[in-house]
Amino acid sequence: MMGFLIIDDHPLFGEALGNAIRISHPDARIFEAASIRQALNILATERNIDLALLDLLLPDAVGFSGFLRLRDSHPKLPILIVSSVDDKQTIREALALGAVGYLSKSTSVSELSDAIARILSGSVSAPKGYVGAGTPVQTEAALREKIKKLTPQQVRVLDLIRNGLQNREIAAELKLAESTVRAHVTEILRKLGLFSRNKAIIEIGKIALPLPAPCQSARGERERPS
C-alpha cells in the first residue's frame with residue numbers, strides 16, 4: 001500500500017489531489033498537511049511516504065523555502081510541486097533543485113493522475129510544452145560524464161532500463177524492493193538530465209556502460225539512493 005503526503009492549505013484542492021491519487025491507487029494511504037511544519041511532523045512518524053505533493057504558497061513558506069526544508073530534512077523523499085505559479089523560470093529552478101515534477105494547479109484530475117503514475121514509474125513530469133521548449137540535445141561525451149556520477153547500483157538499473165525491463169522486473173533481477181528501484185530511476189534521470197525512461201533508452205542505447213563486476217551483490221540494499 002503506497003503512502004502519499006499532500007501539503008496544501010486549500011482543502012478543496014487537497015481533495016482534488018486525493019481524488020487524482022485514488023484513480024490509480026484506490027487503497028493509498030493519504031496524509032494531509034496545511035503547512036511545512038505539519039508536514040515535517042507527519043514525516044517524523046510516518047516512514048513509508050512514497051511521494052509528497054507540495055504547494056509552494058504556504059503560510060510558513062516563501063518561494064522554495066518550504067521545498068528546501070523538506071529536501072534537507074528528508075533528502076530521499078520524492079517531491080512533486082503542484083502550484084498556481086507556472087512560469088518557466090520557476091519550473092526550471094524547481095527541477096534543478098531536485099523536484100521530481102512540477103504541475104500547474106489548473107491541471108485536470110485525470111492529468112494529475114497520469115502525471116503521478118509517470119513519476120512513480122521513475123519519470124520526471126512537467127507542464128505540457130515545457131520539456132521540448134529550448135531543451136538542448138546532449139552530446140554523447142556529456143552523457144558519459146554524467147554517467148560517471150551514478151552509483152554502481154544505479155548503473156545496473158540503467159542497463160536494465162535500456163534493455164526494456166520495468167521496475168518490477170528490475171526489482172526481481174537485482175533482488176531489491178520495488179520502491180528502491182523507483183527511487184533509483186528517479187535519481188538516475190535527475191543526474192542525467194533526462195525527463196523519461198524512454199528518453200534514457202534512446203540516448204543511452206549506443207553508449208557502453210561501465211557495469212560493475214557481477215560479484216558485487218545488491219543483497220540487503222533496501223535504502224533509497226542518496
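Contact here means heavy atoms within 4.5 Å, and that is the sense in which helix α5 (residues 109-120) lies across β1, β3, β4 and β5. Welcome to a quick tour of this predicted model. At its heart for our purposes is an open sheet of five strands, paired in parallel and ordered β2-β1-β3-β4-β5. We will go through the strands, the helices that lie across them, a helix pair and two buried residues.

**The sheet**

- Strands β2 and β5 (101-104) form the edges, as each of them pairs on one side only.
- From one strand to the next, the twist averages 20°.
- Strand β1 (residues 3-7) runs parallel to strand β2 (residues 29-33), and five bridges join the two.
- Within that pairing, F4 stands opposite I30 in β2.
- Strand β3 (residues 51-54) and β4 also pair in the parallel sense, here over three bridges.
- In this second pairing, A52 sits opposite I79 of β4.

**Helices and the sheet**

- Helix α1 (residues 11-24) joins with β1 and β2 in a β-α-β unit, and the unit is right-handed.
- Helix α3 (residues 65-73) lies across β1, β3 and β4, and it runs at about 170° to β4.
- Helix α5, introduced above, runs at about 140° to β3.

**A helix pair**

- Helix α7 (residues 152-162) and helix α9 (residues 178-192) have axes that come within 10 Å and cross at roughly 90°.
- Angles of 65 to 115 degrees count as roughly perpendicular, so α7 is roughly perpendicular to α9.
- On the α7 side, the contact is made by Q153, Q154, V157, L158 and I161.
- On the α9 side, H184, V185, E187, I188, K191 and L192 take part.

**S83, in strand β4**

- S83 belongs to strand β4 (residues 79-83).
- Is S83 buried or exposed? Its relative accessible area is 0%, so S83 is buried, given that the cut-off for buried is under 20%.
- A polar atom of the S83 side chain lies 3.0 Å from the backbone nitrogen of V85.
- Leaving aside residues up to four places away in sequence, S83 touches D55, L56, Y102, L103, S104 and K105.

**L95, in helix α4**

- L95 is found in helix α4, which covers residues 88-97.
- With a relative accessibility of 12%, L95 counts as buried too.
- How many residues separate L95 and G193 in sequence? They are 98 residues apart along the chain, while their C-alpha atoms are 9.6 Å apart in space.

Key
Residues are numbered from 1 along each chain as its sequence is written. This is a predicted model: local features need pLDDT of at least 70, side-chain atom pairs count only at pLDDT 80 or more; totals for chains, interfaces and linings use all residues. Side-chain values use heavy atoms; hydrogens and water are left out. Two strands pair if DSSP finds at least two bridges between them. Helices (H or I, at least four residues) and strands (E, at least two) are DSSP runs, numbered from the N terminus. A crossover is right-handed if, with the strands pointing away from the viewer, the path from the first strand over the helix to the second runs clockwise. Buried means under 20% relative accessible area, exposed over 50%, partly exposed in between (1.4 Å probe, protein chains only). A polar contact is a pair of N or O atoms within 3.5 Å; within protein, one must be able to donate a hydrogen and the other to accept it, and residues adjacent in sequence count only if both atoms are side-chain atoms. Axes are lines fitted to C-alpha atoms, for helices over the stretch in contact, and angles run from 0 to 180 degrees between N-to-C directions. Angles under 35 degrees count as roughly parallel, over 145 as roughly antiparallel, 65 to 115 as roughly perpendicular and the rest as oblique.
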